[in-house]
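Student: Hey, got a few minutes to go through this model with me? I'd like to start with how the chains meet.

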Amino acid sequence: MAADFNWAVGGEAGDGIDSTGKIFAQALSRAGRHVFTSKDFASRIRGGYTAYKVRTSVDKVQSVVDRLDVLIALTPRTIEENLDELHEGSVIIYDGERTTMQDVEIPEEMIGLDVPLKSLAEEAGGAIMRNVVALGAACEVAEFPIENLDSALEKRFKDKGQKLVDNNKEAARAGQSYVADEYDHEFDYDLETTDEDYVLLNGDEAIGMGAIAAGCRFYAGYPITPATDVMTYLTGRIERYGGHVVQAEDELSAINMALGAARGGARAMTATSGPGIDLMTETFGLIATSETPLVICNVMRSGPSTGMPTKQEQGDLNQMLYGGHGEVPRFVLAPTTIDECFWKTVEAFNLAEKYQLPVYLTADLSMAVTEQTFSPETFDMDEVEVDRGNVVDETTIDDHMSESGGFQPHEITDDGISPRAFPGTADGAHMSTGLEHDEQGRRTEDTDMRVAQVDKRNRKVETAREREDWSPREFGDEDADDLVITWGSNEGALAEAVEILDEEGQDVRVLSVPYIFPRPDLSADVEAAETTVVVECNERGQFADLVEHDVLERVDRVNKYNGVRFKADELAAEIKSTLAEGVEA
Amino acid sequence: MSSEIRFTDFKSDKQPTWCPGCGDFGTMNGMMKALAETGNDPDNTFVVAGIGCSGKIGTYMHSYALHGVHGRALPVGTGVKMARPDIEVMVAGGDGDGYSIGAGHFVHAVRRNVDMTYVVMDNRIYGLTKGQASPTSREDFETSTSPEGPKQPPVNPHALALASGATFIAQSFSSDALRHQEIIQEAIEHDGFGFVNVYSPCVTFNDVDTYDYFRDSLVDLKEEEHDPTSREDAKDVILDNEKEHQGVIYKDESSVPYHEQHGVDEDMSVIPDGAPESATDLVREFY
Ligand SMILES: Cc1ncc(C[n+]2csc(CCOP(=O)(O)OP(=O)(O)O)c2C)c(N)n1
Ligand code: SF4
């Protein structure tokens, strides 16, 4: 891989760190360079350390590294926080005139560039542009053509008028020439540009874009870090396609609104993070039993409870797999890259409608807030397919009537999939309920019907296992003795780690798994490996538990779920006969 | 086809399991008649029901319907209506469902002014869980969970609604069949959120707020000097603790429903096969 360059801007929340970082990342991306960004932020609006880091290379970059070449430090803490990553020859740009920065000490082996950011910004038209002055200075250090910054500034400020754009361009140049004139260091960075066209987006945005592409028309949500960007993205865009976003009063309302829209026949979605998933769980069961297609996006953050809202974790796997009382089938999809956030969202809508059940689509904080460059063809809209599953209309509904003439939305079928009728379909009027029901959706406590409906709902999972491709993505050395398994946003870092390991003579085979349920059968892979390591961001190893569970030998069971409790003699007989048949290996 | 629709078309073939004499029978009949009378049919109607004896209503009616979880019927109705502006949406539930567990949603549904009808079957008690105090129970009403009465003033749903910016507030009595039907009809025809609190006596657990009590105490606003378009008049009626009223308490004739304010008027069940034509623009925005 070509040399990568690592840059960061840091200060207090409220210092405009985010927009400064974004402008630089966009300038790089527009100059045909690959970019990968990461954010350090605290859960507060003003005050508290914040940083925006950009890694760039002409080759694809898909992770962060612990090295920082140029740092724009707005506060002394920015330097402290990043000392580990700064190295000999790292450049620190700061404003020695800023009160808090007057006594700042630049470590000896590093190069401090004291640039009067505020004064230069004021000359260019306003102190607020001091970060742009710093960007100009950084361009000089990195030998990055400043024209590329211009187009990013235009994108950012054009709605606010040409004057502001011009002032910002001037501010950037003031920073650039200040460094050129005042310092005669030879910096050995050379950020070349290419002719590539890249787009720069984060996981939440990719999910939002995937939703619109897939025909999602209704979104209801309640703000929560780090899922809010999904709602922000959809707001103002979904309307162009005839859709609507509602900011609900809470997550209970959000998921119920989405449920209502889905019953109306819309492709609907809600997105939240752990605490919101907890609140949605009661309705989740209703969605599953009423066989309503719905996409529920869980952008995981650190739990439990409010945990660490701005920190990464992949701790909600068990919650999504097992959350809710009783037993209901659900799918859990977990994209492992930002571009996959787009494609798995499309897939989530198709799976939800084909199998008429709720689909959890889960990303994690790292993926949600991280931006990465892609070639636009990565999101080829012509590849998007919409499969609405078994929807009946006036002409086909007759095949799904009970003897007494009522439509059967919960018809017992071999593949477990029943017909769906949208409101307005003649003769399709029917009831949906969280109560156990018969084929027409009417409440029942009939033991046989209970078993038939539970089996029917579960049969959809078996059908899906057969009909869909649930394979993991594989990379590394396919013949290696050691196997690494991962899920979620770890894939990018792992891909680079494999290269490093390879250089060190350590071969590994990697399986990155985007499907949690149903999931690929990894038993042959694990059995063939000498050692298996499961990589994930949680303490328990929730995915590791699943792998162990899948690979264990089978045990036989005795089950009953018809609503009547076990009777002693019946149970004894069941156990006896199961034992007699022997435990299947 | 609506001219041929009779109210019995809205009846399902399930026999209600309500106690004989329960007020909910009358409430439901009025709703079915009002739906038929306003030109709706079961295939273009969606009924969302809460949890409680009252919530069983969706089962006994015939239409597209959802029987949800406790307290969340209003958000479901909101979602249905936004996705399907062409569908008549009616939400029904009990006083516990609407003013206790679902109170938050009530306030927000009112202020959103989505064009649907909300019918609360108010029996001033929890029926289905066998007789506990409800948010509209009287302060001294003795129940299994309030042996000396709840010792808290009851919720005033109309005051909540008015304060939240309601555009239609009404009250009816399930056994005054004609008036009840008339009022529900007016709520359906209202452009916006039509809220009707219906006195729907529980003959099994509530021996205070009985048919006789309501019959004797009800004052019909039609016979009073009441101007339903006046918020002042509405306020006086709503804060009058001495009398029980029926009729339309408040009606904002200039009400602009949610879909008109927000331009939500498309049938969202219709989506193209594949990404929408201009979807590549979405990618271009990230340049
Ligand atoms: C989350 C939840 N909590 C509690 C219940 C139990 N529950 C069922 S109905 C009900 C009260 C119903 O009262 P109301 O809304 O007044 O209706 P009514 O039965 O009187 O018509 C309760 C508490 C439930 N189903 N769900
Ligand atoms: S318990 Fe009360 S509310 Fe419930 S059905 Fe009987 S009479 Fe009606």
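Student: So how many residues does the contact take from chain B and from chain A?

Tutor: Keep in mind that this is a predicted model. Chain B puts 51 residues into the contact, and chain A puts in 66 residues.

Student: And what area is buried between chain B and chain A?

Tutor: About 4,900 Å², with carbon and sulfur atoms giving 63% of that. On the chain B side, Tyr64(B), Phe286(B) and Tyr287(B) lose the most area to chain A, and together they make up 17% of what that side buries.

Student: How many salt bridges turn up across the interface of chain B and chain A?

Tutor: Four. In a salt bridge between Glu285(B) and Arg240(A), the side chains meet at 3.0 Å, N to O.

Student: Switching topic: which residues are around ligand 2?

Tutor: They are from chain B: Trp18(B), Cys19(B), Cys22(B), Cys53(B), Asn123(B), Cys202(B), Val203(B), Thr204(B) and Phe205(B).

Student: How does that shell divide into nonpolar, polar and charged?

Tutor: Seven of the shell residues are nonpolar and two are polar, with no charged ones.

Student: OK, now the open sheet of four strands in chain A. What's the strand order?

Tutor: The order is 16-18-17-20, and the pairing is mixed. Strand 16 (473-476) and strand 20 (531-535) are the edges, each pairing on one side only. From one strand to the next, the twist averages 20 degrees.

Student: What packs on that sheet?

Tutor: Helix 15 (residues 490-503) of chain A does, touching strands 16, 17, 18 and 20 of chain A. The helix direction makes about 25 degrees with that of strand 16.

Student: And how do strand 17 and strand 20 of chain A run, parallel or antiparallel?

Tutor: Parallel, joined by five bridges. Asp482(A) stands opposite Thr531(A) in strand 20.

How values were computed:
Residues numbered from 1 in each chain as written. Chains lettered and ligands numbered in written order. Predicted model: local features only at pLDDT ≥ 70, side-chain atom pairs only at ≥ 80, totals over all residues. Heavy atoms only, no water. Pairing = 2+ DSSP bridges. Helix = DSSP H or I, 4+ residues; strand = E, 2+ residues; numbered from the N terminus. Axes fitted to C-alpha atoms, helices over the stretch in contact; angles between N-to-C directions. Contact = heavy atoms within 4.5 Å. Near = heavy atom within 4 Å. Nonpolar A, V, L, I, M, F, W, Y, C, P; charged D, E, K, R; others polar. Buried area = accessible area lost by both parts, 1.4 Å probe.
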